[in-house]
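Biologist: Please take me through the terms used for this model, setting each value against its cut-off.

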Amino acid sequence: MKNLEEKILEISAKLGNEVHLKAIRNTFISMLPIMIFGGIFAVIGAAPATENATGFMKAWADFVSANSAIFSWVSVLGLGFTSLYIALGITYNLCKEYKVDPLIPLFICVFGMFMLTVKPEKLVYGTSLTDLTYLDGKGIIVGIFVGIFTVEIYRILKQKNFGKIKLPDSVPPSLSETFSSLAISVLIMLFYLVLFAIFKSMNTTFAAWIASIIAPQIKATDSLWFILLMTFIINAAWFFGIHNATFWGLMGPIMFMNLSTNAAQQASGMPPTAILTESFWVYFVVIGGVGACLSVSILCCFSKSEMIKTVGRISVLPAFFGISEPATFGLPMMLNPIFFIPCAFVPTINACIAYFCMNTNIIGKTYAMLSFNMPSVFGAFLSTGDVKALLLVVALLILDMVLYYPFVKMYERQQLKLENKESK
């Protein structure tokens, strides 16, 4: 067991410190404020009112209808430019990691993103018309590519002094830096221009071409089996002390892509289609944090063991807001053999039930992400606009408590023996 633990922790450390995965992970975390802001407007803009609505619901629907342009535009800027924000974030984080001045790479990144994702329809001064479709979640793969490619090529060529122009010492440092990077910048932008020209001749964009290739794979990640597999792996890994952020280099792009697609569909009056989003994960799967810890914290509050009861009272409020660490490290659940099975399987069961309810349209699918720390009972309703989602979370919480109960009692008996021994 110890050798397995050491091996897993070693792999986790390597993954967690891999520079590109780290940049992607930090970018998704940094994007939370703008995602929340866009999500709030997406929620308000989707008034759950019928044609016969009266009172507050009718007033809400009328207000949204009168200001639809504002709600739509904020939603587009918050969720519809996801891939652009991701490209900028990765560029900045990689530059910071490599200690490279990020300003010029950021400019090149914007140029590259528009070259590879935007399809000009009509370019006339004052009446330009372009297709921005792939600046949203559908262009996330391109955003990751542009961010990494721009910085890596810029950094490598910079180290080799490619095309460096020597200027007198009297030239200001900012101007000297610009000229010394001129040849590198032009070369990278020429690469993006060539890609644009190639796909323009095919009447498409690089982003649209990539999306057509990976569409089947992305659809496969929205399947029950992929969701259950990743839920089990992430929660089982947490038992060994591997933070779920380690997996966000893989899961983050998939969840953001699906959430952005759902938000766009909701805004255009279409029903959302994807299930695996960050909202689905936070509000329906890991209720109270990784391991679905809220149920554990509630059970611990009624324990006969003073230690377990104290941990329960300390951890129940944080768990209500999605913070699992007080329960995970306080009991502890991590590396505690008694809790391995429920820690890995309870969230997996939540995922299975929530997937079934969404796939069969018993409850609506998520189209907004409010906050990691939004309590699940509220987040489930606000992210779907469906009151049945709130009832589902309550039912899942009760089920989680039933499933965790025998393991908590087992640990309680063990702890009581220790407490009784110490009291003697």
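Modeller: Helices (H or I, at least four residues) and strands (E, at least two) are DSSP runs, numbered from the N terminus. The model is predicted, so local features need pLDDT of at least 70 and side-chain atom pairs pLDDT 80 or more, while totals for chains, interfaces and linings use all residues. Residues are numbered from 1 along each chain as its sequence is written, and side-chain values use heavy atoms, without hydrogens and water. The protein chain has 20 helices and two strands.

Biologist: Where is N361, and what makes it count as buried or exposed?

Modeller: N361 lies in the loop between α18 and α19 (376–384). Buried means under 20% relative accessible area, exposed over 50%, and partly exposed in between (1.4 Å probe, protein chains only). N361 has 59% relative accessibility and therefore counts as exposed. Its phi is positive, about 65°, although N361 is not a glycine. Most residues other than glycine have a negative phi, and most peptide bonds are trans.

Biologist: Which residue in the loop between α14 and α15 has a positive phi although it is not a glycine?

Modeller: That residue is A292, in the loop between α14 and α15, with a phi of about 55°. A292 has a relative accessible area of 0% and is therefore buried. A cis peptide bond, with omega about -5°, joins L331 and P332; P332 is in the loop between α17 (325–330) and α18.

Biologist: Why is V286 called buried or exposed?

Modeller: V286 has a relative accessible area of 7% and is therefore buried. V286 is in the loop between α14 and α15 (293–300). Setting aside neighbours within four places in sequence, V286 is in contact (heavy atoms within 4.5 Å) with N235, W281, G291, A292 and P347.

Biologist: How do you know whether G269 is buried or exposed?

Modeller: The relative accessibility of G269 is 66%, so G269 counts as exposed. G269 belongs to the loop between α13 (248–267) and α14. Across the chain, 48% of the 424 residues are buried.

Biologist: What makes the packing of α14 and α18 parallel, perpendicular or oblique?

Modeller: Helix α14 (residues 278–285) and helix α18 (residues 340–359) pack at about 120°, with axes 9 Å apart. Angles under 35 degrees count as roughly parallel, over 145 as roughly antiparallel, 65 to 115 as roughly perpendicular and the rest as oblique, so α14 is oblique to α18. In α14, F280, F284 and V285 meet P347, N350, A351, A354, Y355 and M358 of α18. By class, that contact of α14 with α18 has eight nonpolar, one polar and no charged residues. Ala, Val, Leu, Ile, Met, Phe, Trp, Tyr, Cys and Pro count as nonpolar, Asp, Glu, Lys and Arg as charged, and the others, Gly among them, as polar.

Biologist: How do you know which term fits α7 and α8?

Modeller: The axes of helix α7 (residues 103–117) and helix α8 (residues 140–159) come within 9 Å and cross at roughly 140°. The two helices, α7 and α8, are therefore oblique to each other. Residues of this contact include M113 of α7 and V146 of α8. The contact of α7 with α8 divides into 10 nonpolar, four polar and no charged residues.

Definitions and conventions. Axes fitted to C-alpha atoms, helices over the stretch in contact; angles between N-to-C directions.
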